[in-house]
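Biologist: I have the sequence and the model open side by side, and I'd like to walk through the fold with you. Could you start wherever you think is sensible?

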Amino acid sequence: MTASTHWLATACAQAVLERGGNAFDAAVAGAFVLHIVEPHLNGPGGDMTGVFVTASEPDAPRILMGQGPAPKNATIEHYRSEGLDLVPGSGVLAAAVPGAVDAWLVLLRDYGTWELSDVLAFALGYARDGHPILGRVVATITSVATLFTEHWPTSAAQWMPDGRLPQAGDLVTNAAWARSLDRLLAASADAAVATREGRIDAARQEWREGFVARAIVNFGHTPHRHSSGTDHAGVMTLADLAGFEASIEEAVTVEFRGYTIAKTGAWGQGPALLATLMILDGFSDEYLDPSTALGAHTILETQKLSIADREAYYGDAAVPTNSVPLGYLLSADYAATRRALITDTASHEFRPGIVPGHAPYYPVLRTDYTTEALLDQGAGSSAGVGEPTVAAPASAAPSRTVAEPETLSTGELRGDTCHIDVVDRWGNMVSATPSGGWLQSSPTIPELGFCLGSRLQMTWLEPGAPSALTGGKRPRTTLTPTLVLKDGQAVTALGSPGGDQQDQWQLLYLLRTIVGGYTPQQAIDAPAFHSTSFPGSFWPRTWEPGGAVVEDRLGDAVITELEQRGHRITRAGDWALGRISAVTREPQTGLLQAAANPRGAQGYAAGR
């Protein structure tokens, strides 16, 4: 079974399964297709995280870590010297070391069975021969057309050839990326090694130390426009690219209602979902129904507490100067103290908890944000910066109110991505969320056919913050796939695009399936909502105290009661929030299922 955010990725991954490949072969094939068919939501220059189990070790969830660190020269001092008080939301100063491609190749090498050339054949075909471009991709290109033509000419050449915007359904190619894939495959084939694993490592080395790395570094030397409205050069070096390797980590888990939920470590936002479940586990089932006012209120208030702790404590604990008290934050005793803070009315405060021996970090709480450069150019600047929504209240931030957010003319996209889940006949299961390196995150590197990501915007330029910008340190990513186990066997892999909303929407799925008895598709289809009452992870990092965004299908009675309880409600429409996909397996019978998001008529589930 395969489920993803685009039907072509699902179809290609399923083709691999039908031809004898395992879940890991299929996931990698589908992921490289996602780079091409959803280029506004992810790309080869981005990052990814995954969670998986193997059929041979079904009780040992692992994390595929494809989040690259900040370049060594990406320091607070340098960015401040460039006149910045936030890491920009677009431009190469926002780029971490690309991690997605290396991560996918590590997964294929260690757990797959197919040769690299066979896995990449699907993506190579779409890049060289074309695919029908989505209307949403066209809308994204349209929104940044002025930025491309006036400041990012290499992006204009790729996405607006001859100055013409594509139309939805046009056959679009990426010849430069096709050539890059050919060169990676040539490096693999030319390697003097006799093993499949060695050939994959040869491609990895060419990516990290060869023509890809050289093109990335050389291109970054030229200053270009950032979302700040100012021009800057990059700081990435060959040593940064050569020094990063994706890795496999142990998952962090908690128990909830007899199920084990597996997530990333505190270098991602995943443990915030675990903390939310620990708090909710102390309530009776009537408080956990997202379709009622009582349930929605309880869930929203719990989310605020867990995400406040995310801001106050989470960061890359692999860095010696960081110490994340994750064991304490996920303990039953701590959850009880947090649970006691929830009342019948909505909190409008930012309330991290108190952890012995640790001082919580309090981020700058902005309800709006405008840089001097943007003000100088004016709200309607033809240069594509200073769009009115940049300085709008957080309640108007596109990504917090709709399923697939509008991209601002600065190239800044607040929180969306894509997703893929696969389970095979043997019981291998993987959930993965690739992101970053979207076409509007920074200028296209013409030799390569892709651009770098913008994950560093999730770091702070304030020393002492657990997620402060630090050279060599991973930014605290929002990418957060989920694996669910029951009695030592994986039963569900799920995930969603949506930035800060990813785990909030996944929580609703978990509550509806584990507590409410919904089927996977029923849980995905049910009305969704999320909180905006915390600083966003994406530039310009604003918040809306007490804010909540809901689908209208939640119902007038429920929405009215939430407003009476003090929630500042934004109605998003009937089918606007949540983009979950999932695959499931019943260990006793071997029955497999898959489900995908109907919103936008783009996600697709398939299987046999």
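Modeller: Let me start with helix 2, keeping in mind that this is a predicted model. Helix 2 lies across strand 2, strand 11 and strand 12, and its direction makes an angle of about 160° with strand 11.

Biologist: Which strands does helix 1 lie across?

Modeller: Helix 1, residues 7-18, lies across strand 1 (2-4), strand 11 (420-423) and strand 20, and it runs at about 160° to strand 1.

Biologist: What order do the strands take in that open sheet?

Modeller: The open sheet has seven strands in the order 8-3-2-12-11-1-20, and their pairing is antiparallel. Strand 8 (247-250) and strand 20 (604-606) are at the edges with a single partner strand each, so one side of each has no neighbour in the sheet. From one strand to the next, the twist averages 15°.

Biologist: How many bridges join strand 2 and strand 12?

Modeller: Strand 2 (residues 47-54) and strand 12 (residues 429-435) are joined by seven bridges in the antiparallel sense, and within that pairing Gly50 stands opposite Ala432 of strand 12.

Biologist: Now the interior. Which residues have the most contacts inside the largest nonpolar core?

Modeller: Those are Phe32, Trp104 and Leu483, in a core of 84 residues. Helix 2 contributes the most to this core, with 12 residues. Leaving aside residues up to four places away in sequence, Phe32 touches Val101, Trp104, Leu105, Leu120, Ala123, Trp177 and Leu181. There is also a second, separate core of 59 residues, which includes Ala275, Leu300, Trp505 and Leu577.

Biologist: You mentioned Trp177 and Leu181; which residues of helix 9 are buried?

Modeller: Both of those are buried residues of helix 9, and the full set is Ala176, Trp177, Ala178, Ser180, Leu181, Leu184, Leu185, Ala187 and Ser188. These buried residues pack against helix 2 (23-37), helix 5 (116-129), helix 10 (196-209) and helix 11 (211-220).

Biologist: How far apart are the end C-alpha atoms of helix 9?

Modeller: They are 22 Å apart, which agrees with the 22 Å that its 16 residues (175-190) should span at 1.5 Å a residue.

Biologist: Switching topic, how many disulfides turn up in the whole structure?

Modeller: A search of the whole structure finds zero.

Biologist: Why is there no bond between Cys418 and Cys451?

Modeller: The closest cysteine sulfur to that of Cys418 is in Cys451, and because the two are 13 Å apart, they are too far for a bond. Cys418 is buried at a relative accessible area of 0%, and Cys451 is buried as well, at 2%.

Biologist: What about the hairpin of strand 18 and strand 19, where which residue takes a positive phi?

Modeller: That is Gly590, with a phi near 80°, in a hairpin that has six residues between the strands. Strand 18 (residues 581-585) and strand 19 (residues 592-595) pair in the antiparallel sense over four bridges, with Ala582 opposite Ala595 in strand 19.

Biologist: One last residue: where does Gly566 lie?

Modeller: Gly566 is in the loop between helix 20 (556-564) and strand 17 (568-571), and at 24% relative accessibility it counts as partly exposed. Apart from residues up to four places away in sequence, Gly566 touches Ala346 and His348. Measured against Leu8, which is 558 residues away in sequence, Gly566 is 43 Å away in space, C-alpha to C-alpha.

Methods
Residues are numbered from 1 along each chain as its sequence is written. This is a predicted model: local features need pLDDT of at least 70, side-chain atom pairs count only at pLDDT 80 or more; totals for chains, interfaces and linings use all residues. Side-chain values use heavy atoms; hydrogens and water are left out. Helices (H or I, at least four residues) and strands (E, at least two) are DSSP runs, numbered from the N terminus. The expected span of a helix is 1.5 Å times one less than its number of residues. Buried means under 20% relative accessible area, exposed over 50%, partly exposed in between (1.4 Å probe, protein chains only). Contact means heavy atoms within 4.5 Å. A nonpolar core is a set of buried Ala, Val, Leu, Ile, Met, Phe, Trp, Tyr and Cys residues joined through side-chain atoms within 4.5 Å. A disulfide is a pair of cysteine sulfur atoms within 2.5 Å. Two strands pair if DSSP finds at least two bridges between them. Axes are lines fitted to C-alpha atoms, for helices over the stretch in contact, and angles run from 0 to 180 degrees between N-to-C directions.
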